[in-house]
Amino acid sequence: MTYNVSAINQTGLYGGPAYLLNGLSDQGWWYQVGLDYIFNAPHVGKGFQLIYQIWKPGLGGPDTSITYVNFTGNSTVPGIQNGDNVILNLSFYKSNIIMSVYDPITKALAKVNESAENATHFIGNASIPYSAVNGFYTGLLTEQGHNVSYYGTEQPVTYSSLSFNGLNSVWFCMQESGIMIIPNCTTSAVAINSINFQKFRHFNSTADFNLSARANQTYYITGNYPLTANTPTVPATGVYRGRSIGISEANGIVNGTSPYGYHWYENYSSAEGLVFPPPYYTKATDCGGGTYALCNFSTNSITPEGEYRFKVLVNDSASSMQNSGSTFSGAVHVIVNATPTIGLAPSNTTLDSGQYETYTITDYNGIGPFNTELYNVTGSKQQGSNVTISSPLGHGSVTFKTIATGTFTYNAISTDQGVSPHYIFNSIESTIIVNPDLTTPTLSPSSNQAILINTSSGQSVAFTASWADGTPDYTAKLYSSSTSTCNSGSTLVQTKSSLSSSSTTFSGVSPTSTTWYCAVVNDSASTPESVTSAAAKVVPFLRYVNITISNSQGSATPSPFQQLLDINSNNYKAYEAGNLDNIEFFTVSGQSIDVVPSWLESGNSNSSTDTIYWLKLGSGIGAHSDVTVYMGMKSLGTNLLNGGSSGTTGEAPQLPSTYGEYDNGANVFNKYTNFSGTSIPTSMSVLSGAIGSNTFNNYAELQNNNGGTEGIYFTSAISAPSVVDTLVTYYNKTGGAPGVSVAEGESTSVSGAEQPPSSYGVGGSTGGTAQTQLFYEPSGGGSSTVLNQTAFPAQPFIYSIAWGATGKETALQNYTTVLNSTNNALSLPSTYYSIIEVNGGAFSATAKFQWLRARAYPPDGVMPSASSGSGGVENIVVRKPSLITCISPSTVKEANGTVISVC
């Protein structure tokens, strides 16, 4: 590496500086070679000499002490002459490093040959030299040795570059030895051959490399006659731009020769603390002479605003350069602030009533801390609006709850803590909009009732959600749930976004199972509100038919009440399973869709034109009132039959292949048995004194002895009036006939009589022509009295008997042939017993019974009528309406066009 430096004679008391070329080897050794002019006076020798030193790596000291080497010259011009440009050199030669200084004009040379310590080249250093270990670096250094800080008469020295053998950049530093001053270096390694690298200026241990406006030559100035100036004073630490403040330097001159000259210097970099880095700019002219001068400085002349450090440069009036000098005072820190302003930013520009608004307040410039308050345009303060904010660019916030709705405008007012009088300033105005709270949405169809849909033809329901207020735009979402708990945590079905109006429709909703739906609406307030509608229940069926059952009487039916429906299933063959196991009856009340217990008695085929169902209406039917039930058809393959004593959908025990598998008669009728198993049901007993035998095998088979009666009965009474029905599947027509009766009191001994006391019954007679008879058995036994009779039915058949009131007894044969009487022999008791029996007069007789039941007696003996309503796929015609008393026959036209007569 080579570099040029001018050789200038120096006249300072302590000699001149040393100009050093530094090289950091790749083995970490640091080599310094340079030119000095009496560097560390006094020392041996005068004039110019080579100076060098070697530092080893690690944390140790130098490997050599400072060493001086004299020059050799030619015979004509020995040594180095004042003004010559000499070459500083560091170069590798074999395993050594040559350090030399050479004057090409006089041919004077001084050199040293030192070990390279295995190094092969010099390296740069990205770290600031005095922050790196030992401060080793590659670059230039100027050193001056003296004991006190002073200024002298050193002459300018010029640097110019030659070659650094491939290094891109190097450091340029200055150091004054003998006092506590660290090396002052460029703030970064500077590019070789750049103008900044070739120009260097130094004032009192501070290096300045911002040399775009400097002369070509570089300077090192020091001296031997120190002056001292005290730190200026200011009345406050901060002031606004446009306000004047005095900065005074008083009683601050020590030593030197008066009169003195004063010049203000400032630096607006705040990163260096109170150390006063370059550059310096003169901001005022001389303040005048005198030992104790006072200078005032106005910040009106300072631009831009910011943080400033000020110093005073004091010059004395010594008569000679050797004795005259100048000095800087200490630095004073002054903040010159721009005129303060307030930034006011709401967190929510649009929000709903009751939500919280937060205003962020920023005080720009000025002198804090600030006392800031938030006002609305009427001048009233917001609750909790006082906030203390630091400076500069202090941030604070004010939060308050909105109550009223409308458009509101706010501003903030701040008071600073700068130079008195304190500065008071306002923000610009800020406007927010407060909307009424978002209302809870409603769903249409109404969310307070269940909604039925037929699904086989792709039918669906459309929900319209409506709401009010809040902040548009809105987002509405439809959710679904398998329970009535429906909210935003449920399954998302549809989303409608960017809605400007307060309603939207969700179409095409077609669930495959019972589902609840709800709408959740969000508005666009800065803190969006979210509201949820009540849930709407949707029950899908493949098909359903709504059936109106009307009670035309002036009194209500009992509760519960058993209603018969006779349906032409062939009309619905496309939607019904072959054995009708996908059929279910239900009612709809508000959000409640309740399955109606039903019992399929006969016609369990989708081809049947005569399917008999019994429905259990738990609350009955009021006088002159209607109830609506629905016959629903689930998808094919869905089995709704559940049977059992609490089952809701069942069928007669003999219908399935497994006897009684889906029999729920005990849950439909007031009293019921299907004689399952091989023994008498626990709820029944044999008539005391009966003559004959009984066998059970999923039916009851009763056989009498000649001239006797065999019978069984429910051991617990039923409420009167009731209707008792039994299915007779077999009888011995020639020998006798079965019967069913309702008895006033349980018989404990028939004493050979054919019937228990005090009863009405219906049974067969084979004497002469086979007939069905409505008979009366007087109290105490004895022969029965026939009250009415009709032709005997073909087996199997159903017998029904009702003791409805005193003098009102009715028997039915297959629900249609009705036998009435007006016998007044017995008064209607509050309870009676239901009995099935077989007798054959003088003959033995056998009969089989499938089931026995008791059901509610209809009001005035008139079974409510049923008809189909709107919304079904077909019309239902309910025939054979199970009237206990036939009021008058009527003609009804079935859906297939058949005309029949019913009661």
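This report describes the overall make-up of a predicted model and then a few of its local features.

## Overall composition

The chain has 903 residues, of which 49% are buried. Its secondary structure consists of 69 strands and two helices. Among contacts with a separation of 6 or more, 66% join residues that stand 24 or more positions apart.

The accessible surface of the chain amounts to about 37,000 Å². Carbon and sulfur atoms contribute 48% of that surface.

## The disulfide

One disulfide is present in the structure. A bond of this kind is a covalent link between the sulfur atoms of two cysteines. Here the partners are Cys 486 and Cys 518, with their sulfur atoms 2.3 Å apart. The link is left-handed, with -75° about the S-S bond.

Cys 486 is placed in the loop between strand 37 (474-481) and strand 38 (491-499), while Cys 518 belongs to strand 40 (residues 515-522), so the pair ties together parts that are 32 residues apart in sequence. Both Cys 486 and Cys 518 are buried.

## Ala 519 in strand 40

Strand 40 also holds Ala 519. With a relative accessible area of 0%, Ala 519 falls under the 20% limit and is therefore buried.

Leaving aside neighbours within four places in sequence, the contacts of Ala 519 are Pro 441, Leu 443, Ala 465, Lys 477, Leu 478, Val 531, Thr 532 and Ser 533. For one of these partners, Val 531, the C-alpha to C-alpha distance from Ala 519 is 8.3 Å, at a sequence separation of 12 residues.

## Thr 726 in strand 57

Thr 726 is located in strand 57 (residues 722-731). Its relative accessibility is 0%, and Thr 726 therefore counts as buried. A polar atom of the Thr 726 side chain lies 2.8 Å from the backbone oxygen of Trp 851.

Trp 851 also appears among the residues in contact with Thr 726 once neighbours within four places in sequence are set aside. The other residues in that list are Val 740, Phe 797, Ile 798, Tyr 799, Ile 836, Phe 849 and Leu 852.

## Cis peptide bonds

Most peptide bonds are trans, and most residues other than glycine have a negative phi. Against this background, the bond from Ala 720 to Pro 721 is cis, with omega near 0°. Pro 721 sits in the loop between strand 56 (718-719) and strand 57.

A cis peptide bond also runs from Gln 795 to Pro 796, with omega near -5°. Pro 796 is found in the loop between strand 61 (785-791) and strand 62 (797-805).

## Positive phi outside glycine

Lys 94 has a phi near 55°, a positive value in a residue other than glycine. The residue lies in the loop between strand 6 (85-93) and strand 7 (96-102). Lys 94 has a relative accessible area of 72%, which is over 50%, so Lys 94 is exposed.

Ser 498 likewise has a positive phi, near 55°, and is a residue other than glycine. Ser 498 lies within strand 38. At 60% relative accessibility, Ser 498 is counted as exposed.

How values were computed
Residues numbered from 1 in each chain as written. Predicted model: local features only at pLDDT ≥ 70, side-chain atom pairs only at ≥ 80, totals over all residues. Heavy atoms only, no water. Helix = DSSP H or I, 4+ residues; strand = E, 2+ residues; numbered from the N terminus. Buried < 20%, exposed > 50% of the residue type's maximum accessible area, 1.4 Å probe, protein only. Polar contact = N/O pair within 3.5 Å; in protein donor to acceptor, adjacent residues only side chain to side chain. Contact = heavy atoms within 4.5 Å. Areas by Shrake-Rupley, 256 points an atom, 1.4 Å probe, with all protein chains shown as cover. Disulfide = S-S within 2.5 Å.
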